[in-house]
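Welcome! Please take a look at the sequence and the structure shown here, and then we will walk through some of its features together.

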Amino acid sequence: MPKDKVTIHQLKARKQDGKKICAVTAYDYTSARLVDEAGVDLILVGDSVANTVMGLESTVPVTLGQMIYHGETVMRAKPRALVAVDMPFGSVNDGAGRAVNRAVKVFKRTGADAVKIEGGKGLAPVVEAVVGSCIPVVGHVGLMPQYRAMLGGLKVQGKELEAARRIIEDAQAIAAAGVFAIVLEAVPAPLAELITSRIDVPTIGIGAGAGCDGQILVLHDILGLSVRPPKFAGRWADLGDEMVRAVSAYREAVRSGSFPTAEHSFKMDKTILAKL
Ligand code: KIV
């Protein structure tokens with residue numbers, strides 16, 4: 001473990017010291033190595049792997065085995081950042097005992113530092129049981145893509161009074177259940193700010209405005225690799241265009257015969273060659 005490894009206690013302290021938490025997703029060894037080198041505080045092995053890596057429309061089909069696989073590959077980068085692995089759809093919804101067993105499996109097999117659980121008040125007993133089994137949990141309320149069918153699609157949550165009250169209650173319930181941070185996804189900025197002021201664990205926003213204690217984005221959106229990035233995603237590079245450019249240049253070099261050159265080839269003794 002890196003000696004300056006980020007801990008849940010350091011992240012919790014950010015609420016008081018005001019230094020914003022910077023979080024990003026990663027799904028494999030290389031992306032984890034690079035985002036860690038960039039100095040982020042938290043790496044999420046998100047079930048958004050469904051959209052970014054697997055080409056699926058929804059996160060619902062992702063399995064526990066797939067999350068463990070991606071978690072293992074991320075952990076091979078030995079990140080200094082704290083790493084949380086998403087518990088996929090259906091893995092925490094059939095009772096606290098089973099949820100704990102699955103969280104233990106993810107925690108042991110991947111060696112990650114925490115799991116993330118999408119869900120509000122209704123899942124608070126599950127969160128409490130997982131935390132009670134000594135596995136740190138990041139919560140996730142507001143827009144919960146795993147429950148898109150129940151939420152009526154992937155849209156901003158909490159614009160109406162009752163919906164806003166429910167999200168506040170969700171955040172308070174899972175904070176009381178022991179999460180060390182809460183992802184607030186796609187909620188109006190003033191609501192996110194209010195929630196942030198009413199709970200004592202840090203909030204990490206995505207599409208939730210600047211009033212949160214930190215921000216998280218999907219790596220492919222940051223890098224310009226996503227086909228349809230959400231409105232709230234920022235973008236800091238055009239690696240998609242750059243990748244097409246590089247591979248096209250390679251294709252041209254192969255077709256024109258300018259690649260490979262002697263520099264890319266292995267030599268052989270001429271006397272041996274003559275005997276073949
Ligand atoms: O799966 C994911 O990437 C997430 C983030 C969008 C917070 O849950």
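## Around the ligand

The ligand is surrounded by Thr25, Leu44, Gly46, Asp47, Ser48, Asp86, Lys116, His140, Val183, Glu185, Ile206 and Val218, where a residue is near a molecule if one of its heavy atoms lies within 4 Å of it. This shell divides into four nonpolar, four polar and four charged residues. In that grouping, Ala, Val, Leu, Ile, Met, Phe, Trp, Tyr, Cys and Pro count as nonpolar, Asp, Glu, Lys and Arg as charged, and the others, Gly among them, as polar.

A word on the source: this is a predicted model, in which local features need pLDDT of at least 70 and side-chain atom pairs count only at pLDDT 80 or more, while totals for chains, interfaces and linings use all residues. Residues are numbered from 1 along each chain as its sequence is written, and side-chain values use heavy atoms, with hydrogens and water left out.

## Contacts and cover

Which side chains have a polar atom 3.0 Å or 2.5 Å from an oxygen atom of the ligand? An N or O atom in the side chain of Asp47 is 3.0 Å from a ligand oxygen, and for the side chain of Ser48 the distance is 2.5 Å. Asp86 also has a polar side-chain atom, 3.2 Å from an oxygen atom of the ligand. The protein covers 95% of the 260 Å² of accessible area that the ligand has on its own; such areas come from the Shrake-Rupley method with a 1.4 Å probe, and for residues, only the protein chains shown count as cover.

The space that the ligand takes is the largest pocket. On a 1 Å grid over the protein atoms alone, a pocket is an open set of points with protein on both sides within 12 Å along at least five of seven lines. A molecule sits in a pocket if more than half of its atoms lie within 2 Å of its grid points.

## A buried lysine

Lys116, one of the residues around the ligand, is found in strand E4 (residues 114-118). Helices (H or I, at least four residues) and strands (E, at least two) are DSSP runs, numbered from the N terminus. Is Lys116 buried or exposed? Lys116 has a relative accessible area of 2%, so it is buried; buried means under 20%, exposed over 50% (1.4 Å probe, protein chains only).

The side chain of Lys116 is joined to that of His140 by a polar contact of 2.7 Å. A polar contact is a pair of N or O atoms within 3.5 Å; within protein, one must be able to donate a hydrogen and the other to accept it, and residues adjacent in sequence count only if both atoms are side-chain atoms.

## Backbone details in loops

Cys134 has a positive phi of about 70 degrees although it is not a glycine. The loop that holds Cys134 runs between helix H6 (124-132) and strand E5 (137-142), and Cys134 counts as exposed because its relative accessibility is 62%. Ala186 also has a positive phi, near 45 degrees. Ala186 lies in the loop between strand E6 (181-185) and helix H9 (189-198), and it is buried because its relative accessible area is 6%.

A cis peptide bond, with omega about 0 degrees, joins Phe259 and Pro260. Pro260 belongs to the loop between H11 and helix H12 (270-274).

Notes: On a 1 Å grid over the protein atoms alone, a cavity is a set of points where a 1.4 Å probe fits but cannot get out, and a pocket is an open set with protein on both sides within 12 Å along at least five of seven lines; lining residues have an atom within 4 Å of a point.
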